[in-house]
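Here is a short briefing on one chain. Please look over the sequence and the structure first, then read the points below.

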Amino acid sequence: IDEWGFIILSNVSIVLLNWNGDEDTIDCLESLKSLDYPNFDVYLVDNNSENKSITNIKNYLNNDSFYNSVLVEKEDLLGFQKKDETNLVFILNDNNAGFAGGNNVALNYIKDNVFSGYVMLLNNDTIVSEDLLTGLVNKFNESEDIGFVGATHYYYHDKNKLQTVGGGNIDLVHGECSAVTTFGVQEEFDFLTGSCILMSCDVLRNVGVIDEEYFMYWEDVDWSTCARKKGYKLTISDTGYIYHKEGASIKSVSRIYYHTRNRILYMKRNTSGLTYYKFMIYIVLYVLKESTTNFFKNREYSLALLRGLKDALLKII
């Protein structure tokens, strides 16, 4: 509260990642303009997209009156100081570092240079409701032990259909994670969906950034687990929502490969003893059975499973 009694809302740093998804990114930026929470800025990271995608975003920002943007190469971030009037920092990454590495470009900058307020990870293929940020911030401040806050997801192409309440549970027997798709079932979660997570800058510094070894998939589950190990609770906002154009840019073969590889990496890092060894027996037998059964029906699927198993075993041995 300032000296005249007005409430000053802490700033929210919104992190968006673009990889050849300029149309989705621009749609998302447009929706952010309608937020009823006035104090936010955007850190938009381009993950080494084709020139066309970068050019389209540049043209949008140059012709837009809402965003006062500045362009920064990743290599110049170390000495970069954002001016108060700048509300969008467009960062050009020098390689495709995946979901984890791309978002970390901005998260590391915020961690080291933004000392108060909040940070929100948001997928670029989302459209936000007006009350999204207000709801997330209010929920975060309900309790000192809340670390991450998520939001309700609806399908973009079927806006009345619930995708997830924003969080999910982890099955440590089979190394699986599943989103909760029913309201009111639980208030705390094993993980929050990485397409929308809000935390304070202090929590970010305490928990750390996303583990880049995952590249994509399971990184939000691991990040959430890191937060829980620090004693934080993971919950979801009571108000606000996003419409999500789920995984439109990710090929199914890549999804199968990374899901197989990363569930093994997660279990290696976060379980031990009998739980871990039982899972390893299960996953090896599962992959061998699935890949053999489907080899002639869907060779790509089978090879993706086997590659995921092989690469995970090489990393954990």
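A residue counts as buried under 20% relative accessible area, as exposed over 50%, and as partly exposed in between. Tyr241 has a relative accessible area of 30%, so Tyr241 is partly exposed. Tyr243, at 16% relative accessibility, counts as buried. The model is predicted. Its mean pLDDT is 93.

**Confidence**
- 96% of the residues in the chain reach a pLDDT of 70 or more.
- Residues 1-7 stay under 50. For this stretch the model has 4 contacts beyond four places in sequence.
- Predicted coordinates should not be read in detail where pLDDT is low.

**Aromatic pairs**
- The whole structure holds 15 aromatic pairs.
- One of them joins Tyr154 and Tyr243. The ring centres are 6.3 Å apart and the planes stand at 55°, so this pair is tilted.
- Distant parts of the chain meet here: Tyr154 lies in strand E7 (residues 146-155) and Tyr243 in strand E13 (residues 233-244). The two residues are 89 residues apart.
- Tyr243 also pairs with Tyr241. Their ring centres are 5.3 Å apart with planes at 65°, so that pair is edge-to-face.
- Phe40, Phe66 and Tyr67 make up one aromatic cluster.

**Charges over rings**
- Lys159 places its charged end over the ring of Tyr156, 4.0 Å from the ring centre.
- Lys161 does so over the ring of Tyr155, with its charged end 5.2 Å from the centre.

**Nonpolar core**
- The largest nonpolar core has 95 residues. Ile14 and Leu32 touch the most other members.
- Helix H3 (residues 98-113) gives the most to this core, namely 7 residues.
- Which residues does Leu32 contact, leaving aside its neighbours within four places in sequence? They are Ile14, Leu16, Phe40, Val42, Tyr67, Leu122 and Val128.
- Two of these contacts of Leu32, Phe40 and Tyr67, belong to the aromatic cluster with Phe66.

**Open sheet**
- Three strands form an open sheet in the order E10-E9-E11, and their pairing is antiparallel.
- E10 (176-179) and E11 (191-192) are the edge strands. Each has a single partner strand, so one side of each is left without a neighbour in the sheet.
- Strand E9 (residues 167-171) pairs with E11 in the antiparallel sense over 2 bridges.
- Gly168 stands opposite Phe191 in E11.

Definitions and conventions. Residues are numbered from 1 along each chain as its sequence is written. This is a predicted model: local features need pLDDT of at least 70, side-chain atom pairs count only at pLDDT 80 or more; totals for chains, interfaces and linings use all residues. Side-chain values use heavy atoms; hydrogens and water are left out. Two strands pair if DSSP finds at least two bridges between them. Helices (H or I, at least four residues) and strands (E, at least two) are DSSP runs, numbered from the N terminus. A nonpolar core is a set of buried Ala, Val, Leu, Ile, Met, Phe, Trp, Tyr and Cys residues joined through side-chain atoms within 4.5 Å. Buried means under 20% relative accessible area, exposed over 50%, partly exposed in between (1.4 Å probe, protein chains only). Contact means heavy atoms within 4.5 Å. pLDDT is the predictor's confidence in each residue, from 0 to 100. Rings of Phe, Tyr and Trp (its six-membered ring) pair if their centres lie within 6.5 Å; planes under 30 degrees apart count as stacked, over 60 as edge-to-face and the rest as tilted. A charge sits over a ring if NZ of Lys or CZ of Arg is within 6 Å of the ring centre and within 35 degrees of the ring normal.
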